[in-house]
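Me: I am new to this structure and would like a close look at a single part of it. Please choose one helix and take me carefully through its packing and its surroundings.

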Amino acid sequence: MTDPLPEHDRRPGAAVVSSAGASSAGASMWFAGVRGRGAVECIDLATDGDRVTSGMWAVVGDFEGRVLAWRFADVERTAEEAPARGDDVPAAGRADAPWSGPAPEQWSSSMDRDTYVAGVGSIRSAVREGEVYQVNLCRVLSAPLPAVDGAEPDPAPLAARLAAGNPAPYAGVVHVPAGGGLPPVWVVTASPELFLRVGDGLITSGPIKGTATTPQGLTAKDEAENIMIADMVRNDLQRVCRPGTVEVTDLLAVEQHPGLVHLVTTVQGELTRPRPDWTAILAATYPPASVSGAPQHTALAAIAQLEPVARGPYCGAIGWIDADAGRAELAVGIRTFWWTPDGGGRLHFGTGAGITWGSDAGAEWAETELKAHRLVTLASTGVAARPSSGDDTGAPDGPDARRGTRMAGPGTRERRTS
């Protein structure tokens, strides 16, 4: 469950009250090789990152700027960061509380097709005037999902359903129920995109730009947009890396995920400090470049003007920080569900597309539909979750699914691998 900031406080660095000394025994998280139970502290990384000196912290950041971290008391680290599938989801509550989501017809969108198409036109006009090069335009889908006997829905059954039907390299759950003394959160993600990986003195990001159902569907516009965003990421990382160490280690790689393919570029650099400065890292890189636009300041202004509702954890960050080891694994919060108590309880899901001068408004709307269809279907009542097996769904099998399946295809450049 998220607790959005008031409109005037939706900015990087907006502080929240620290919750050290409180606890939430019912809290749980799992993401990228880490499982935790029992949150005991919560801080705002933008203002109090220097307090992250020990322990395992689950991280959920809202796109609007607030990035919270909850320290967990009971933590299990698995030896292998394997792709999440249905039987990998922690079993608590899963068998006894099968997922019962909204009916398919109950989902509504923050923007209808005409409004979204008009927004694309507005961005293209801004590009023509030289005000911006690219803006990620998003909409939020939502549907009623009531609390049951006063209790929040259990996110584990939804996570298991997504892991079975849409295995993702950065799948996970962060749930801190309301009423436990800590800021609450309810997020289930099936993200394919690496925001930041920190460890061994390195920081790595893997921005996605370019989406199609097959490699042949990727276009020159996708390639140009990917390179533009990769340059933004390079500039961001240079603010916290040793001069001359930031490099592209994988350019325009084609990754196959369930039902679609993405263009992914990997950027890496050597951190200037032996121990990560989490506040400085976030100040340099947040919000993620791939889901905002270029130049970022102007793109964020366009987003605030055109999008009628806040994105919340969608397009934010989800993952963990291992303060003892100086490591982190954070995904961009795309292909992500979150729950809020308003209106008796609602489930939300965001979807969007990058808009440039070369955008066709109808095609961009169709891309938002493509990105949402599979996951919203899985989250809806009356639709069976079919395990993915590398068939017509396009889902990868085996250990390569951890990063998505890399494949040759049109638009793939010669690249160096790390």
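Reply: For helix packing, an axis is a line fitted to C-alpha atoms, over the stretch in contact, and the angle between two axes runs from 0 to 180 degrees between their N-to-C directions. Two packed helices are then described by the angle between their axes and the distance between the axes. Please keep in mind that this is a predicted model, so everything below is computed from predicted atoms.

A few words on the whole come before the part. The protein has 7 helices and 19 strands, and buried residues make up 56% of its 418 residues. Among the contacts with a separation of 6 or more, 74% join residues that stand 24 or more positions apart.

The part I have chosen is helix H7, which covers residues 361-379, and I begin with its packing against helix H3, residues 155-165. The axes of H3 and H7 lie 9 Å apart and form an angle of about 135 degrees. That angle is above the range from 65 to 115 degrees that counts as roughly perpendicular, yet not over 145, where roughly antiparallel begins, and H3 and H7 are therefore oblique to each other. The crossing in which H3 passes H7 is right-handed. On the H3 side the contact is made by Leu158, Arg161, Leu162 and Gly165, and on the H7 side by Arg374, Leu375, Leu378 and Ala379. Sorted by class, these residues comprise 5 nonpolar, 1 polar and 2 charged.

H7 also packs against helix H2, residues 113-128, with an angle of about 125 degrees and with the two axes 9 Å apart. This angle makes H2 oblique to H7 as well, and the crossing of H2 and H7 is right-handed. H2 contributes Arg113, Tyr116, Val117 and Val120 to the contact, while H7 contributes Ala361, Gly362, Glu364, Trp365 and Thr368. By class, the contact of H2 with H7 holds 5 nonpolar, 2 polar and 2 charged residues.

From here it helps to follow one residue of H7 outward. Alanine 379 lies in this helix, and with a relative accessibility of 0% it counts as buried. Which residues does alanine 379 contact, once its neighbours within four places in sequence are left aside? They are Trp99, Gly101, Pro102, Trp107, Leu158, Arg161, Phe337 and Leu347, and among these Leu158 and Arg161 belong to the H3 side of the packing described above. The C-alpha atoms of alanine 379 and proline 157 are 9.8 Å apart in space, although the two residues are 222 apart in sequence.

Two of the residues that alanine 379 touches, Trp107 and Phe337, lead on to the aromatic rings, for Trp107, Phe337 and Phe349 are linked by ring pairs into a cluster. The structure holds 4 aromatic pairs. A pair of this kind is described by the distance of the centres and the angle of the planes. For phenylalanine 337 and phenylalanine 349 the ring centres are 4.7 Å apart and the planes stand at 45 degrees, so this pair is tilted. Phenylalanine 337 is in strand S17, residues 336-340, and phenylalanine 349 is in strand S18, residues 346-355, so the pair ties together parts that are 12 residues apart in sequence. Are these two rings' residues buried or exposed? Phenylalanine 337 has a relative accessible area of 0% and is buried, and phenylalanine 349, at 1% relative accessibility, also counts as buried.

Taken together, the surroundings of H7 include H3 with its contact at Ala379, H2 with its contact at residues such as Trp365, and, through alanine 379, Phe337, a member of the cluster with Trp107 and Phe349.

Notes
Residues numbered from 1 in each chain as written. Predicted model: local features only at pLDDT ≥ 70, side-chain atom pairs only at ≥ 80, totals over all residues. Heavy atoms only, no water. Helix = DSSP H or I, 4+ residues; strand = E, 2+ residues; numbered from the N terminus. Parallel < 35°, antiparallel > 145°, perpendicular 65-115°, else oblique. Left-handed = near helix turned anticlockwise from the far one by under 90°. Contact = heavy atoms within 4.5 Å. Nonpolar A, V, L, I, M, F, W, Y, C, P; charged D, E, K, R; others polar. Phe/Tyr/Trp six-rings, centres within 6.5 Å; stacked < 30°, edge-to-face > 60°. Buried < 20%, exposed > 50% of the residue type's maximum accessible area, 1.4 Å probe, protein only.
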